[in-house]
Amino acid sequence: MSQVIDSLATYSLLGRSGLRVSPLCLGTMTFGTEWGWGAPKETAFALLDRFFEAGGNFVDTADGYTGGTSESFIGEWMAERKARDRAVVATKFTFAAAPGDPNSGGNGRKNVHRALESSLRRLRTDYVDLYWLHAWDGVTPVEEVVSTLGDLVRAGKIRHWGLSDVPAWYFARAQSLADMRGVDRAVALQLEYSLVERNIEREHVPAALELGAGLCPWSPLASGLLSGKYTREGVKAKGDGRLQALQASANPAFTKLFTERNWAIVDKLVDVAKRLDRRPAEVALAWVARRPGVTSTILGATKLPQLEENLRALEAPLPADAAAELDAVGQPELVHPYLFFQPAMRGMITGGTKVLAEPAWFRG
Ligand SMILES: NC(=O)c1ccc[n+]([C@@H]2O[C@H](COP(=O)([O-])OP(=O)(O)OC[C@H]3O[C@@H](n4cnc5c(N)ncnc54)[C@H](OP(=O)(O)O)[C@@H]3O)[C@@H](O)[C@H]2O)c1
């Protein structure tokens with residue numbers, strides 16, 4: 001990004017919208033103790049107080065987080081602090097609310113309306129600023145999703161909408177349909193992005209830049225792995241925190257973290273942080289927050305000192321050589337057709353000429 005981000009109160013427009021958001025967004029999946037690795041209400045309120053006091057205004061939740069407790073805490077906090085106007089509240093729909101009922105989840109119109117009404121009740125508000133489709137359900141026609149969300153914007157129940165955990169082609173199709181139908185487009189994409197998870201650089205980052213959506217990375221510390229607080233036992237992590245629960249899981253979305261490759265990235269991160277006299281979490285967040293296309297990075301914390309440490313990520317940009325070392329260590333594997341976009345092939349296309357209009361994210 002060309003602009004200088006040096007504090008939480010340096011706001012950016014989210015995608016092609018007029019919504020001003022802070023460069024870090026407070027993730028609240030850790031609000032509530034239901035999942036075994038979250039924070040109680042008192043801590044959640046302290047985290048919200050500190051985040052807003054430092055200039056933050058953007059809060060991310062979902063109807064499914066901690067069985068609705070996350071949204072309820074935010075609603076109660078906003079009511080107590082009279083903070084509804086200042087807060088940019090983002091929540092999500094998709095995950096099933098009632099096992100056995102196929103329309104209690106997914107991205108069809110019936111569930112979207114049900115989910116939104118429940119979220120508004122828990123959040124104690126009559127609108128959300130940004131409504132996320134939480135994940136592609138693989139079946140609902142994209143036409144229905146775009147028209148449902150467009151209608152909700154027109155009805156004033158949501159101000160903007162965005163897509164989380166979707167294929168890049170799905171996002172591109174949604175933007176095209178919105179244009180064709182004169183409906184408001186998605187203003188943001190929410191995807192996992194960190195030093196250890198960089199697969200979105202192939203398709204989603206260029207798509208977001210081309211199609212006017214702000215990227216909001218989730219799990220920027222890889223659930224705490226990039227805080228540097230864990231030691232290793234084989235490829236498993238040793239130390240207190242969420243990773244203990246994740247590595248006991250059979251879900252590959254969680255166990256994918258524990259690899260030799262990722263420990264090599266942690267080693268490099270810890271080494272770079274030591275040289276810069278900064279904490280690994282600060283460095284890992286500083287790296288994500290300034291990647292091309294990123295507008296607001298969704299961080300997580302279960303304790304106030306963690307938040308304090310993470311907020312320091314914005315104090316100074318990474319020196320170019322440190323950023324280059326970190327860029328190199330987790331570079332996504334070059335596979336077809338992306339190999340065709342490398343300098344060796346570019347020469348055959350350009351005839352050796354320089355084409356200034358090439359997008360900045362184009363490799364080489
Ligand atoms: N759209 C999606 O599918 C999706 C998926 C996941 C998350 N999200 C969003 O993204 C947000 C952030 O995700 P995340 O919580 O996974 O983010 P993360 O930054 O990768 O992990 C945060 C966790 O790491 C540990 N931690 C954070 N800062 C630390 C520090 N300075 N020192 C030591 N440990 C530290 C804490 O856990 P412990 O104290 O337990 O170690 C904290 O809860 C969520 O709250 C949610 O809003 C979205």
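This briefing covers ligand contacts, helix packing and two backbone features. The model is predicted. The ligand is surrounded by 33 residues. Three helix pairs are described below: α1 with α11, α9 with α12, and α9 with α10. The backbone features are a cis peptide bond before Pro 337 and a positive phi at Thr 66.

**Ligand surroundings**

- Among the 33 residues around the ligand, the closest are Asp 60, Asp 165, Ser 219, Lys 229 and Thr 302.
- Thr 302 places a polar side-chain atom 2.6 Å from a ligand oxygen atom.
- Ser 223 uses its backbone: a polar atom there is 2.8 Å from an oxygen atom of the ligand.
- Gln 190 has a polar side-chain atom 3.1 Å from a nitrogen atom of the ligand.

**Helix α1 with helix α11**

- Helix α1 spans residues 41–53, and helix α11 spans residues 304–311.
- Their axes come within 10 Å and cross at roughly 25°.
- Angles under 35 degrees count as roughly parallel, so α1 is roughly parallel to α11.
- The crossing of α1 past α11 is right-handed.
- On the α1 side, the contact is made by Ala 46, Leu 47, Arg 50 and Phe 51.
- On the α11 side, Leu 304, Leu 307, Glu 308 and Leu 311 make the contact.
- By class, this contact of α1 with α11 has 6 nonpolar, no polar and 2 charged residues.

**Helix α9 with helix α12**

- Helix α9 covers residues 260–276, and helix α12 covers residues 320–329.
- The two axes are 10 Å apart, and the packing angle is about 175°.
- Angles over 145 degrees count as roughly antiparallel, and α9 and α12 are therefore roughly antiparallel to each other.
- From α9, the contact residues are Ala 264, Ile 265, Lys 268, Leu 269, Val 272, Arg 275 and Leu 276.
- From α12, they are Ala 322, Glu 325, Leu 326 and Val 329.
- The contact of α9 with α12 has 8 nonpolar, no polar and 3 charged residues.

**Helix α9 with helix α10**

- Helix α10 runs over residues 280–289.
- It packs against α9 at about 105°, with the axes 8 Å apart.
- Angles of 65 to 115 degrees count as roughly perpendicular, so α9 is roughly perpendicular to α10.
- Leu 269, Val 270, Val 272, Ala 273 and Leu 276 of α9 make the contact with Pro 280, Val 283 and Ala 284 of α10.
- This contact of α9 with α10 divides into 8 nonpolar, no polar and no charged residues.
- Leu 269, Val 272 and Leu 276 of α9 appear in the contact with α12 and also in the contact with α10.

**Backbone features**

- Most residues other than glycine have a negative phi, and most peptide bonds are trans.
- His 336 and Pro 337 are joined by a cis peptide bond, with omega about 5°.
- Pro 337 sits in the loop between α12 and α13 (343–350).
- Thr 66 is not a glycine, yet its phi is positive, at about 45°.
- Thr 66 lies in the loop between β4 (58–60) and α2 (69–81).

How values were computed
Residues are numbered from 1 along each chain as its sequence is written. This is a predicted model: local features need pLDDT of at least 70, side-chain atom pairs count only at pLDDT 80 or more; totals for chains, interfaces and linings use all residues. Side-chain values use heavy atoms; hydrogens and water are left out. Axes are lines fitted to C-alpha atoms, for helices over the stretch in contact, and angles run from 0 to 180 degrees between N-to-C directions. Helices (H or I, at least four residues) and strands (E, at least two) are DSSP runs, numbered from the N terminus. A crossing is left-handed if the near helix is turned anticlockwise from the far one by less than a right angle, and right-handed if clockwise. Contact means heavy atoms within 4.5 Å. Ala, Val, Leu, Ile, Met, Phe, Trp, Tyr, Cys and Pro count as nonpolar, Asp, Glu, Lys and Arg as charged, and the others, Gly among them, as polar. A residue is near a molecule or strand if one of its heavy atoms lies within 4 Å of it. A polar contact is a pair of N or O atoms within 3.5 Å; within protein, one must be able to donate a hydrogen and the other to accept it, and residues adjacent in sequence count only if both atoms are side-chain atoms.
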